[in-house]
Amino acid sequence: MAEDLSAATSYTEDDFYCPVCQEVLKTPVRTAACQHVFCRKCFLTAMRESGIHCPLCRGNVTRRERACPERALDLENIMRKLSGSCRCCAKQIKFYRMRHHYKSCKKYQDEYGVSAIIPNFQISQDSVGNRSETSTSDNIETYQENTSSGHPTFKCPLCQESNFTRQRLLDHCNSNHLFQIVPVTCPICVSLPWGDPSQITRNFVSHLNQRHQFDYGEFVNLQLDEETQYQTAVEESFQVNI
């Protein structure tokens, strides 16, 4: 019992989240060579799309693992013993019950949409974890069109008034729709290269205040694909003086 407790305390909360879907692990599996852990479904999807590489570090994965990955039973047992905070309501939930909690957590659904089911995205050959190249490139083109004249503008999905910048849309909704809770699609999210037009937000004003207090374009070059940005970040990291 003491050994189990010691093993449990060696984990951090991040260890229970899948690096592909960014959600709490579901049926965790572990790669033999690099010991990285993923949801079984996420791992198998990555293997079908990317071939022989670990979805996280691009290390080699054996043919046997690609067909039948090894369950991380030790981690599953720890998830049954340890609790973590819901990312939205801060309630303490056993990790193995976290996904079930999301389905009834109103704050989670207001933030991330009505459904607590992880979207079935496609993983590209060059950048595992992304949507398909076609979907991403279409969104990048849309973003470029929207930003060609300066700041992008959006239509309020609650009253259909248009030509709002991000900040003006935020101010408009806080002034006119603060207590209006209607399921809508966030126009700002959809305009981003990774935007999903099928994602519904139950409380749009709350979503704006939590997710869109700043322009993503000020921190990320949205006209570059994720792989290019990753390589740029790595190169810049070598130039940082520690």
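**A walk from the small sheet to a buried histidine**

Let's start with one pair of residues: V29 sits across from R71, which belongs to β3. Keep in mind as you look around that this is a predicted model. V29 and R71 bring us to a pair of strands, β1 (residues 28-30) and β3, which run antiparallel and are joined by two bridges. As background, strands in a sheet pair through backbone hydrogen bonds, and they can do so in parallel or antiparallel fashion.

Now zoom out a little. The sheet is an open one with three strands, in the order β2-β1-β3, and the pairing is antiparallel. β2 (37-39) and β3 (70-71) are the edge strands; each has a single partner strand, so one side of each has no neighbour in the sheet. What packs on this sheet? Helix α4 (residues 73-81) does, and it touches β1, β2 and β3. If you compare directions, that of α4 makes about 145° with that of β1.

Next, the cysteines. How many disulfides does a search of the whole structure find? The count is zero. C18 shows why one candidate fails: the closest cysteine sulfur to its own is in C39, 3.9 Å away, and that is too far for a bond, since a disulfide needs the two sulfur atoms within 2.5 Å. Is C18 buried or exposed? C18 counts as buried, because its relative accessibility is 1%. C68, on the other hand, has a relative accessible area of 54%, so this cysteine is exposed.

Let's move along the chain to helix α10 (residues 204-211). Its buried residues are F204, V205, H207 and L208. These residues are on the same side of α10, because the arc they cover around the axis is only 160°. And what lies over them? The cover includes three other helices, α6 (106-112), α8 (166-176) and α9 (187-191).

One of those buried residues, V205, leads us to our last stop, H177, which it contacts. You'll find H177 in the loop between α8 and α9. Being in a loop doesn't leave H177 out in the open here: its relative accessible area is 7%, so it is buried. Which residues does H177 touch, if we set aside its neighbours within four places in sequence? They are C156, L158, C159, H172 and V205. With H172 there is also a polar contact, where the two side chains come to 3.2 Å.

Definitions and conventions: Residues numbered from 1 in each chain as written. Predicted model: local features only at pLDDT ≥ 70, side-chain atom pairs only at ≥ 80, totals over all residues. Heavy atoms only, no water. Buried < 20%, exposed > 50% of the residue type's maximum accessible area, 1.4 Å probe, protein only. Helix = DSSP H or I, 4+ residues; strand = E, 2+ residues; numbered from the N terminus. Arc of directions from axis to C-beta. Contact = heavy atoms within 4.5 Å. Pairing = 2+ DSSP bridges. Axes fitted to C-alpha atoms, helices over the stretch in contact; angles between N-to-C directions. Polar contact = N/O pair within 3.5 Å; in protein donor to acceptor, adjacent residues only side chain to side chain.
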